[in-house]
Amino acid sequence: MRDYIIRRLLLMIPTMAVVVIIVFLLVRFIPGDVVDMMAIQMGQSGTEGTETVTPESIRTLLGLDKPLFQQLGSWLEGIFTRGDFGTSLWTRRPVIEDILRRAPVTFELGLIGFILAVVIAIPVGIISAIRQDKWVDHVTRSISILGISMPSFWLGTLVVVFPAVWWAWAPTMKYIPFSVDPLGNLVQFLIPGAILGFAMSGTTVRYLRTTLLEVLRQDYIRTAWSKGLKERVVILRHALKNAFIPVITVLFGQAFVMLGGTVIIEQIFNLPGMGRLFVTAAFTRDYPYIQGINLILASIGLLFILANDLSYAYLDPRIRYR
């Protein structure tokens, strides 16, 4: 197992290298040059001395006049030697400081959404499978399809707008830090987290129901029933673990997608997370922020994939990694 983990970690290096190069190049191919945006803003502000500022001087000041491979090398050198993700092109603030300050908001939102999705999806999926074609099965399948079909941004907009119109109530739009008011912080994240988890739970219910139905038709499950075991024992001890192997793949994949999906939810509920920072950086072409956030999310995604593979050995003792 240890050798397998080491090999997988080493294989992450070329994968991350490809991701870094692609993101580094793509953000520079986005229409709209940050230097032109700065020159226009300086000209409109009418600041004294801006008449001597040219796009060429701004490009030189920001180091964007160097070849792309040299810019990439300098950025990677700063990350691996000093842990420096660069500085913002606009504010000149260290990128890593802003990312670390906003990351807990995004991770908390994603974690709450993930927990709610799992807590809802697993019992609902089990009930839907063991009560196949009964009324409860039809209801749960309809709700899961509804969760898959409704975009989270649309549902979030409805949650904000309709209660404000009908009952003069709206979710709190001012961020409450956990260190200041833990209960208020959790209450604030409960609604956006539930919206994120709703779509994820729908997909998980569908997968769990399908895989559990397949497992329940296996011979060893019929043997367990013939021994007179209780339904709870048959489902939880014998069937669920084997049925959960495909589902765990979906859960890990959706957990990573959920982190990326917080971008829109953070905008709707005014949460100062990495998603909002990424959107702002994309609009202003602040390359270091875009590169840093993508690098962090890609690293987390690769770790999720590794954890997903390792979970197979726990769920199925026959699986061994060498």
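1. Helix 11 (residues 274-284) against helix 12. In this predicted model, the axes of helix 11 and helix 12 approach to within 9 Å and cross at roughly 140°, and the crossing in which helix 11 passes helix 12 is left-handed. On the side of helix 11 the contact consists of Met274, Leu277, Phe278, Ala281 and Ala282, and these meet Tyr289, Ile290, Ile293, Asn294 and Leu297 of helix 12. Sorted by class, the residues of this contact are nine nonpolar and one polar, with no charged residue.

2. Helix 5 against helix 12. The axes of helix 5 (residues 95-130) and helix 12 (residues 287-315) come within 11 Å of each other, with a crossing angle of roughly 50°. Because of that angle, helix 5 is oblique to helix 12. The crossing of helix 5 past helix 12 is right-handed, and the residues that make the contact are Val95, Asp98, Ile99 and Phe107 from helix 5, together with Pro288, Tyr289, Gly292, Ile293, Ile296 and Ile300 from helix 12. In terms of class, this contact holds eight nonpolar residues, one polar residue and one charged residue. Tyr289 and Ile293 deserve attention in the display, since each of these residues of helix 12 is listed in the contact with helix 5 and is listed again in the contact with helix 11.

3. Helix 5 against helix 8. Helix 5 also packs on helix 8 (residues 182-216), where the axes lie 4 Å apart and the angle is about 35°. Here too the crossing is right-handed, with helix 5 passing helix 8. The contact of helix 5 with helix 8 divides into 25 nonpolar, eight polar and two charged residues.

4. The chain as a whole. The protein chain contains twelve helices and zero strands, and its pattern along the sequence is accordingly written as α-α-α-α-α-α-α-α-α-α-α-α. Taken along the principal axes, the box filled by the C-alpha atoms of the protein chain is roughly 90 × 60 × 35 Å.

5. The largest pocket. What is the volume of the largest pocket, and which residues lie nearest its centre? The volume is about 430 Å³, and of the 20 residues in the lining, those nearest the centre are Leu62, Gln71, Ser74, Trp75 and Gly86. Two or more lining residues come from each of helix 1, helix 3 (55-62), helix 4 (68-82) and helix 12, and helix 4 supplies the largest share, with five residues. The lining of the largest pocket is mixed in class, with eight nonpolar, seven polar and five charged residues.

6. The second largest pocket. The second largest pocket holds about 290 Å³ of space, and it is lined by 13 residues, of which Met16, Val20, Phe80, Leu295 and Ser299 are the closest to its centre. The elements that give two or more residues to this lining are helix 1, helix 4 and helix 12, and helix 1 gives the most, with six residues. By class, the lining of the second largest pocket has twelve nonpolar residues and one polar residue, and no charged residue.

7. The cavity. How many cavities of 30 Å³ or more does the count give? The count comes to one, and about 40 Å³ of space lies in the largest cavity. Its lining is made by Val19, Val20, Val23, Phe24, Trp75, Gln291, Asn294 and Leu295, with helix 1 (2-28) and helix 12 as the elements that give two or more residues. Helix 1 gives the most, with four residues, and the classes of the lining are six nonpolar, two polar and no charged.

8. Residues that recur. Several residues appear under more than one of the headings above. Trp75 lies among the residues nearest the centre of the largest pocket and also lines the largest cavity. Val20 and Leu295 line the cavity and are among the residues closest to the centre of the second largest pocket. Asn294 is part of the cavity lining and is one of the helix 12 residues met by helix 11. Helix 12 is thus a useful place to start when reading the model, with two or more residues in the lining of the largest pocket, of the second largest pocket and of the largest cavity.

Definitions and conventions:
Residues numbered from 1 in each chain as written. Predicted model: local features only at pLDDT ≥ 70, side-chain atom pairs only at ≥ 80, totals over all residues. Heavy atoms only, no water. Axes fitted to C-alpha atoms, helices over the stretch in contact; angles between N-to-C directions. Parallel < 35°, antiparallel > 145°, perpendicular 65-115°, else oblique. Left-handed = near helix turned anticlockwise from the far one by under 90°. Contact = heavy atoms within 4.5 Å. Nonpolar A, V, L, I, M, F, W, Y, C, P; charged D, E, K, R; others polar. 1 Å grid on protein atoms, 1.4 Å probe; cavity = no way out; pocket = protein on both sides within 12 Å on 5 of 7 lines; lining within 4 Å. Points joined across faces, edges and corners; volume = space filled by probe spheres on them.
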